[in-house]
Amino acid sequence: MALYGALFLALLVGAHAELPGCKIRVTSKALELVKQEGLRFLEQELETITIPDLRGKEGHFYYNISEKVYEFLSTFITSGMRFLLNQQICPVLYHAGTVLLNSLLDTMPVRSSVDDLVGIDYSLMKDPVASTSNLDMDFRGAFFPLTEKNWSLPNLAVEPQLQEEERMVYVAFSEFFFDSAMESYFRAGALQLLLVGDKVPHDLDMLLRASYFGSIVLLSPAVIDSPLKLELRVLAPPRCTIKPAGTTISVTASVTIALVPPDQPEVQLSSMTMDARLSAKMALRGKALRTQLDLRRFRIYSNQSALESLALIPLQAPLKTLLQIGVMPMLNERTWRGVQIPLPEGINFVREVVKNHAGFLTIGADLHFAKGLREVIEKNRPADVKASTVPPSSTAAI
């Protein structure tokens, strides 16, 4: 019985263990890049060292060692230093790359703002797992509305998996990562659009008035020529579906059409439901995960009757055009700004490759030092360490 009880407890704990929404794998190729940048940094430091000519007297012996002699000796010294660097220091730098990466992760903001509505939580779920060839890290990868910082969406998605090792870095995102973003914006009240009067495209205004002419003509003359209102409001948080064939986002929204006479209650002409399916393409640019959305499927139907749904068929094409021309560019302007991936300042992703799986996607990329190693180190070094590394002022006599 004790064995069954322990097994049940283990299953219960496992069932409630939170899964990561984002995983990052740093391969040995990335640590090799850090090592090479370190060697380049040391060589640059050696090249900046200049030694003045030495002259003097020891008993009856006079000496004069000029810069030419130093240059001759430097050939042997540099060769010896490079041998020492490769044989002794490089393994230390390789290990130091891992240690440096861990220390840099400590300086990353665990929770930060994406914009004025939503933030993101990149807290580590557990300690990084190091092997002979990789360093794997599990992040929560969850968005949240800034007005509800304690709110969290339960993660019921598939856990992302990382298997590849060809690139320097791999990042995996589950459906939960994107679902939490869309639900956060939904809770923040951002997923709605209101067009009134001149904001409604002229052709669409004429089409809507013609479609509802039978209702409009029965209204008071003071209302007939009133400005038109078109309101789109997402009814539930959109959901992301990731399959090997691609990534789609499903959205259900209400569409309300009304006349808004000045200083009078608005007159509703129609209320309908819109189902839309968007395709999403992900890309890494610099340190940002960017998304490009495209409207693929669209249909509208009446909340009142099937007969009214048939009457809405002429509105299908112009409303879809409105979404493609007026709404999608606004969405893409925001999604293409992207969300930052936890990476030290001065290092960017390049040559990325996106691959879809069942329930998650992976992006492999190489790293590029946009700044010199010295700048990267100084930028990410804690303030107290910076202060301790400032050399004291001194004078030297030759």
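## Exposure and the model

Buried means under 20% relative accessible area, exposed means over 50%, and partly exposed lies in between. Arg 285, with a relative accessible area of 38%, is therefore partly exposed. The model described here is predicted.

## Salt bridges across the chain

Side chains of opposite charge can pair when their charged atoms come close. A search of the whole structure finds 18 salt bridges. Three of them are taken up here, followed by a network.

Arg 285 pairs with Glu 352. Their closest N and O atoms are 2.3 Å apart. Arg 285 sits in strand E14 and Glu 352 in strand E17, so the bridge ties together parts that are 67 residues apart in sequence. Glu 352 is partly exposed because its relative accessibility is 23%. Elsewhere, Glu 18, Arg 111, Asp 121 and Arg 140 are joined into one network by salt bridges that share partners.

Which residue does Arg 239 meet in a salt bridge? The partner is Glu 183, with an N to O distance of 2.8 Å. This pair also links distant parts of the chain: Arg 239 belongs to strand E12 (residues 239-243) and Glu 183 to helix H4, 56 residues apart. The two ends differ in exposure class. Arg 239 has a relative accessible area of 34%, so it is partly exposed. Glu 183 is at 10%, so it counts as buried.

## A salt bridge within one helix

Arg 209 and Asp 205 form a salt bridge, with 2.7 Å between the closest N and O atoms. Both residues lie in helix H5 (residues 202-211). They are four residues apart, about one turn of the helix.

Is Asp 205 buried or exposed? Asp 205 counts as buried, because its relative accessibility is 14%. Arg 209 counts as partly exposed, because its value is 21%.

## The largest pocket

The largest pocket has a volume of about 1000 Å³. It is lined by 39 residues. The closest to its centre are Tyr 185, Leu 191, Leu 293, Leu 331 and Thr 335. Two helices and five strands each give two or more residues to the lining. The helices are H4 (175-187) and H9. The strands are E10 (192-196), E11 (228-234), E13 (246-259), E14 (267-285) and E15 (288-302).

Which element gives the largest share of this lining? Helix H9 does, with seven residues. By class, the lining of the pocket divides into 30 nonpolar, four polar and five charged residues.

## Cavities

Rolling a probe the size of a water molecule over the atoms shows where empty space is left. The whole structure holds two cavities of 30 Å³ or more. The second largest has a volume of about 40 Å³.

The lining of this second largest cavity consists of Leu 232, Val 255, Met 274, Phe 298, Leu 319, Leu 322 and Leu 323. Seven nonpolar residues make up that lining, with no polar and no charged ones. Helix H9 (residues 313-335) gives the most here, with three residues. H9 also supplies the largest share of the pocket lining.

## A nonpolar surface patch

Phe 213, Val 217 and Leu 218 form a nonpolar patch on the surface. Together they have about 350 Å² of accessible area. One of them, Phe 213, is placed in helix H6 (residues 213-216). Phe 213 is at 55% relative accessibility, so it counts as exposed.

## Positive phi angles

Most residues other than glycine have a negative phi. Two residues in this model are worth checking on that point.

Where does Asp 263 lie? Asp 263 is in the loop between E13 and E14. Its phi is near 60°, a positive value in a residue other than glycine. Asp 263 counts as exposed, because its relative accessibility is 83%.

Arg 351 is not a glycine either, and its phi is positive at about 50°. Arg 351 lies in a strand, E17 (residues 347-356). At 54% relative accessibility, it is over the 50% cut-off and so counts as exposed. Strand E17 also holds Glu 352, the salt-bridge partner of Arg 285.

Definitions and conventions:
Residues numbered from 1 in each chain as written. Predicted model: local features only at pLDDT ≥ 70, side-chain atom pairs only at ≥ 80, totals over all residues. Heavy atoms only, no water. 1 Å grid on protein atoms, 1.4 Å probe; cavity = no way out; pocket = protein on both sides within 12 Å on 5 of 7 lines; lining within 4 Å. Points joined across faces, edges and corners; volume = space filled by probe spheres on them. Nonpolar A, V, L, I, M, F, W, Y, C, P; charged D, E, K, R; others polar. Patch = residues over 30% accessible without salt bridge, like charges linked within 9 Å, V, L, I, M, F, W, Y side chains within 5 Å. Areas by Shrake-Rupley, 256 points an atom, 1.4 Å probe, with all protein chains shown as cover. Salt bridge = Lys/Arg side-chain N within 4 Å of Asp/Glu carboxyl O. Buried < 20%, exposed > 50% of the residue type's maximum accessible area, 1.4 Å probe, protein only.
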